[in-house]
Amino acid sequence: MKKLMNLCAIALFTLIISCSGSNDPQSQLSKIDELLKKDFPVSAEQTENVNTLVAEGKRLMEEGKDKEASESLAKAIKILNLALDADIFNKAD
């Protein structure tokens, strides 16, 4: 039960941090780079999804669609944050 509470606390903290961040696509790309530098395990499916979302975000930025790019990059950040949370949770065992 304590492990579940810790996981919930970490997930809530991560959610609050990600929601309070900037919606600027450039800062989101920086956030993605920072998360990837942490070198935590990410599944092949998660990696593929993140790469697809980042490519879509960059394409939308080039088209001047910053809001849509921001939404796409936010999804990529969410995937990476979930993978990071899972890694932290697994290390707590």
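Select Glu63 and Lys65 in this predicted model, and show their side chains: the two form a salt bridge whose closest N and O atoms lie 3.5 Å apart. Now add Arg59 to the selection, since its side chain meets that of Glu63 in another salt bridge, at 3.0 Å from N to O. Through these shared partners, Arg59, Glu63 and Lys65 are joined into one network, and the count for the structure comes to 2 salt bridges.

Colour these three residues by accessibility before moving on. With a relative accessibility of 41%, Arg59 falls in the partly exposed class, and Glu63, at 42%, is likewise partly exposed. Lys65 has a relative accessible area of 37% and is therefore partly exposed, because that class covers values between 20% and 50%.

Stay with Lys65 for a moment and follow the backbone, where this residue sits in the loop between helix 3 and helix 4. If you select Gly64 as well, you will find that it follows helix 3 and that its phi is positive, near 80°. A distance label drawn from the C-alpha of Lys65 to the C-alpha of Pro25 should read 9.9 Å, although the two residues are 40 apart in sequence.

Next, select residues 44–62, which make up helix 3. This helix has 19 residues and reaches 27 Å from its first C-alpha to its last, close to the 27 Å expected at 1.5 Å a residue. Highlight Val50, Leu53, Val54, Gly57, Leu60 and Met61, the buried residues of helix 3, and turn the view to look down the axis: these buried residues fall within an arc of 125°, so they line one face of the helix. An α-helix has 3.6 residues a turn, so residues three or four places apart point the same way. Rotate to the face of helix 3 that is turned away from its buried side, and you will meet the exposed residues Ala44, Glu45, Glu48 and Glu62.

From the buried face, keep Val54 selected and add Ile32, for these two have the most contacts inside the largest nonpolar core, a set of 17 residues. Helix 2 (25–37), helix 3 and helix 4 (66–92) each supply at least two residues of this core, and helix 4 gives the most, with 8 residues. In soluble globular proteins, nonpolar side chains tend to be buried together. Which residues does Ile32 contact, once its neighbours within four places in sequence are left aside? Select Val54, Leu73, Ala76, Ile77 and Leu80 to display these contacts.

Then travel along helix 4 to Asp87, which lies in that helix. Is this acidic residue, Asp87, buried or exposed? Its relative accessibility is 11%, and Asp87 therefore counts as buried. Show Phe40 and Pro41 beside it, as Asp87 touches both of them when residues up to four places away in sequence are not counted.

Finally, clear the selection and view the whole protein, which contains 4 helices and 0 strands and reads α-α-α-α along the sequence. Of its 93 residues, 28% count as buried. Among contacts with a separation of 6 or more, 76% are between residues 24 or more positions apart. With a surface displayed, the protein exposes about 6,400 Å², of which carbon and sulfur atoms supply 57%.

Conventions:
Residues are numbered from 1 along each chain as its sequence is written. This is a predicted model: local features need pLDDT of at least 70, side-chain atom pairs count only at pLDDT 80 or more; totals for chains, interfaces and linings use all residues. Side-chain values use heavy atoms; hydrogens and water are left out. The expected span of a helix is 1.5 Å times one less than its number of residues. Buried means under 20% relative accessible area, exposed over 50%, partly exposed in between (1.4 Å probe, protein chains only). The arc is that of the directions from the helix axis to the C-beta atoms. A nonpolar core is a set of buried Ala, Val, Leu, Ile, Met, Phe, Trp, Tyr and Cys residues joined through side-chain atoms within 4.5 Å. Contact means heavy atoms within 4.5 Å. A salt bridge is a side-chain nitrogen of Lys or Arg within 4 Å of a carboxyl oxygen of Asp or Glu. Accessible areas come from the Shrake-Rupley method with a 1.4 Å probe; for residues, only the protein chains shown count as cover.
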